[in-house]
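Student: I'd like a close look at one thing here: the pairing of charged side chains. Please take me through it slowly, with an eye on what sits inside and what faces out.

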Amino acid sequence: MHRRDLLRRLGVAAGVAAAGGPLVSRALAGARPRAAAAPTVLRAPRSDDRPSILFCIGDDWGWPHTGALGDKVVRTPTFDRVAREGVLLPYTYCASPSCTPSRGSILTGQMFWRLEEGGNLWSTLPKKFQVYPDLLEAAGYHVGLMRKGWGPGDFKAGGWTRNPAGPTFKTFDEFFKSIPDGKPFCFWFGSLDPHRAYEPGSGAASGLRAEAVSVPPMLPDAPEVRQDILDYYFECERCDRDAGEMIAVLERAGRLDNTIVFMTGDNGWPFPRGKTNLYDHGCRQPMAVRWPARAKGGRAVEDFLSLSEIAPTVLEAAGVERPADMHARSFLDVLVSGKSGRVDPRRDRVVVGRERHHGGARPGCLGYPQRMMRTHEYLYIRNFLPERWPAGDPPGYEDCDGGPTKKFMTEHRQDPAVAPLFELCFGKRPAEELYDCRKDPGQLKNLAADPAYADARKRLAADLDAFLRETKDPRVVGGGEKFDEYPYRGSVGAPAKAKAPK
Ligand SMILES: [Ca+2]
């Protein structure tokens, strides 16, 4: 059924895209490839006609910090090229704004709350959850990982002998040379950028101008904050540059155009009310996908997308059957549709959630359980245990990464200009939050108690609840307290960033 669906969809798409359906049809039938007319200088290694996968993910690279998404300061020529020649997806969200559950969802095609211990930071991923790199490898793909794959956590405790994102290679060149002739590949480039800590002044020293920065409304506009943003941009640019070097290798070898290149980040930027939060700056991601062999370029698609949908998408593109419990939808149909704007009317919402992030954020290693539903109009958030502190207990607020912006806000929390922002970023929150994203794009004014929005709130609450029940979220069907009981496999001290050689 699944393969027939795929062929039907691609058959429809063949009428739109010039490089029609026969490529994938042959791959599904197991046929050997014909030599493609590619602009090559180097021809080795040849692939069969199934698409290769280059998945580039920044660590804490948040929306909208790319040129293609309108940021006027950060320079991201690689992302911008992928978007220009591919599909820009500005309504893409991670499954959870925390490294481990976000990456677990990407790999398994499951919402993080279905991953047991894997729903928390610094956890493990039980081996019973199948991951797309393994499934592609079993189908004949050559698989590799560079730098940060699934994690942080202890994958061996879950029964894995290697990182669930694949076997580790030191460089992309080393991986590329290891591809056996005729094989498609699946590579995960997990940059360590732009995760904190930053080198103070690195952004300004690279030519970025503090006065050009647009400080979002939940942060104080102070020189310390502007410099912190520039230093974050410096690392976004390094991530973008590293991905560009891999794309250049593929291009020189004539392997680029039948490679699906993804560029995204695992959670929002590491600033107050960003990473670990369910507001746009916490969980909305830059996302662009380039695949000229099948997906017409130069398009922006405004459908909602979850990073948990990458696994079913690449499996469908490769003609590999998905596991029965991989419930996330594929967005291959959207990619190959050739259309822009809102393409699939069913993709009018996305759901994101969070369990335990930093193990030292609250006494007893407790998390902050919450779920949200985002539509084009609204953001609705349900906080299951509002008596807890969302950013972690004072005075440490350990669920917010340390850095100059957090330090500035903490030191100036009594200043009249900073106090309301400090409360927004670090204060307790009610059980329900509702933001009108059309009037309040910064998501600052909670309307959950406003009678004028009662209908919207009720509708979103019911829709969110229905989705959580359908996907068997322990927080609504029972067993949610287990997320607080799983071991925290990291240090409760501040996690250090393991920097790769520059
Ligand atoms: Ca991260």
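Tutor: Let's fix the term before anything else: a salt bridge here is a side-chain nitrogen of Lys or Arg within 4 Å of a carboxyl oxygen of Asp or Glu. The idea behind it is simple, because side chains of opposite charge can pair when their charged atoms come close. Keep in mind that you're looking at a predicted model. Searching the whole structure turns up 38 salt bridges, and three of them make a nice tour.

Start with Arg 438 and Asp 436, whose side chains meet at 3.2 Å, N to O. That falls within the 4 Å cut-off, so the pair counts. What I like here is the contrast between the partners. Asp 436 has a relative accessible area of 1%, so it is buried, while Arg 438 comes out at 52% and is therefore exposed. The line for exposed is drawn at over 50%, in case you wondered where that label comes from.

Next, go to Lys 128 and Glu 116, where the closest N and O atoms are 2.4 Å apart. Both residues sit in the loop between helix 4 (99-108) and helix 5 (132-138), 12 residues apart. Lys 128 is exposed, with 53% relative accessible area, and Glu 116 is partly exposed at 31%.

Now for a pair within a helix. Arg 469 bridges to Asp 465, and their closest N and O atoms are 3.0 Å apart. Both belong to helix 14 (residues 454-470), and because they are 4 residues apart there, about one helical turn separates them. Each partner counts as partly exposed: Arg 469 at 45% relative accessibility, Asp 465 at 22%.

Salt bridges can also share partners, and here such sharing joins Arg 81, Glu 85, Glu 251, Asp 257 and Arg 290 into one network.

One last stop, since acidic side chains have another job to show you: Asp 59, Asp 60 and Asp 266 are among the protein donors of the calcium ion, along with Cys 99 and Asn 267, and the donors lie 2.3 to 2.7 Å from the ion. Asp 59 comes from the loop between strand 1 (52-58) and helix 3 (77-85), and Asn 267 from the loop between strand 6 (259-265) and helix 9 (280-283), so this pair ties together parts 208 residues apart in sequence. Both Asp 59 and Asn 267 are buried.

Notes: Residues are numbered from 1 along each chain as its sequence is written. This is a predicted model: local features need pLDDT of at least 70, side-chain atom pairs count only at pLDDT 80 or more; totals for chains, interfaces and linings use all residues. Side-chain values use heavy atoms; hydrogens and water are left out. Donors are N, O and S atoms within 2.8 Å of the metal (3.2 Å for Na, K and Ca); water is not among the atoms, so sites may look incomplete. Helices (H or I, at least four residues) and strands (E, at least two) are DSSP runs, numbered from the N terminus. Buried means under 20% relative accessible area, exposed over 50%, partly exposed in between (1.4 Å probe, protein chains only).
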